[in-house]
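Colleague: Please pick one part of this model and take me through it slowly. I'm new to this, and I'd like every term spelled out.

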Amino acid sequence: GSEMCIRDREKEKVRALDLGADDYITKPFVPVEVLARVRSHLRRYDRLGAKPAEGAGQLTIGGIVLDDSSKTVTVDGEDASLTPIEYDILKLLMENPGKVFSTRVIYETVWQENPYGSENAVAVHIRHLREKIEINPSEPRYIKVVWGRGYKMEAIK
């Protein structure tokens, strides 16, 4: 009965991946999931493939320098060792100085998942991020809260 179907589908999936497919989406699929996967592949492609022009891939705001080719962040010349999630949040904010991102959008962009219960996760990571990049995390210069709206990176020259 349906047992066979499932086993066949699994075999088919393995075969596709063996043949070099990057991913495999089973039907019926959910468009949101497809979008998330496509975005995730595009991000991976950006990281691996597309060679940035010289000097590109470096974002500087105030004393923070984010170098996307080496995935490093320095604050006033000191290395800030960020987790991949903290890095992705910082990069998103630094690419869009002055733009406010809701916790939901930050979560969807960085985690690539449905944002259920995301407020807390984002807040915790922003707190850790601030501890690493702000001189005084309780009075942040860079990452500002816009009450009821979200977070933004101050556009400091």
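Modeller: Let's look at the helices in the second half of the chain and at what sits around them.

First, some ground rules. This is a predicted model, in which local features need pLDDT of at least 70 and side-chain atom pairs count only at pLDDT 80 or more, while totals for chains, interfaces and linings use all residues. Residues are numbered from 1 along each chain as its sequence is written, and side-chain values use heavy atoms, with hydrogens and water left out.

Now the setting. The protein chain has five helices and six strands, and along the sequence they follow the pattern α-α-β-β-β-β-α-α-α-β-β. Here helices (H or I, at least four residues) and strands (E, at least two) are DSSP runs, numbered from the N terminus. Of the chain's 157 residues, 27% count as buried. Buried means under 20% relative accessible area, exposed over 50%, and partly exposed in between (1.4 Å probe, protein chains only).

Start with α3, residues 84-95. This helix has twelve residues and spans 16 Å from first C-alpha to last, close to the 16 Å expected at 1.5 Å a residue. The expected span is 1.5 Å times one less than the number of residues. Which residues of α3 are buried? They are Glu86, Tyr87, Asp88, Ile89, Leu90, Leu92, Leu93 and Met94. It's handy to know that an α-helix has 3.6 residues a turn, so residues three or four places apart point the same way.

Next, see how α3 meets α5. Their axes are 10 Å apart and the helices pack at an angle of about 80°, which means that α3 is roughly perpendicular to α5. Axes are lines fitted to C-alpha atoms, for helices over the stretch in contact, and angles run from 0 to 180 degrees between N-to-C directions. Angles under 35 degrees count as roughly parallel, over 145 as roughly antiparallel, 65 to 115 as roughly perpendicular, and the rest as oblique. On the α3 side, the contact uses Ile85, Glu86, Ile89, Leu90 and Leu93, and on the α5 side His125, Ile126, His128, Leu129, Lys132 and Ile133. Contact, by the way, means heavy atoms within 4.5 Å. By class, there are seven nonpolar, two polar and two charged residues. Ala, Val, Leu, Ile, Met, Phe, Trp, Tyr, Cys and Pro count as nonpolar, Asp, Glu, Lys and Arg as charged, and the others, Gly among them, as polar.

Helix α5 (residues 118-133) also meets α4 (residues 103-111): their axes come within 9 Å and cross at roughly 80°. So α4 is roughly perpendicular to α5 as well. Thr103, Arg104, Ile106, Tyr107 and Trp111 of α4 touch Ser118, Glu119, Ala121, Val122 and His125 of α5. Sorted by class, this contact has five nonpolar, three polar and two charged residues.

Zoom in on Ile106, which belongs to α4. Is Ile106 buried or exposed? Ile106 is buried, at 0% relative accessibility. Leaving aside neighbours within four places in sequence, Ile106 is in contact with Ile89, Leu92, Phe101, Trp111, Val122 and Tyr151. Remember that Ile89 and Leu92 are among the buried residues of α3, and that Val122 is part of the α5 side of the contact with α4. Ile106 and Gly150 are 44 residues apart along the chain, and their C-alpha atoms are separated by 8.9 Å.

Gly150 turns up again with Val100. Val100 sits in the loop between α3 and α4 and is partly exposed, with a relative accessible area of 25%. Not counting residues up to four places away in sequence, Val100 touches Val146, Arg149, Gly150, Tyr151 and Lys152. Val100 and Val145, 45 residues apart in sequence, are 8.6 Å apart in space, C-alpha to C-alpha.

Links like these fit into a chain-wide figure: among contacts between residues at least 6 apart in sequence, 45% join residues at least 24 apart.
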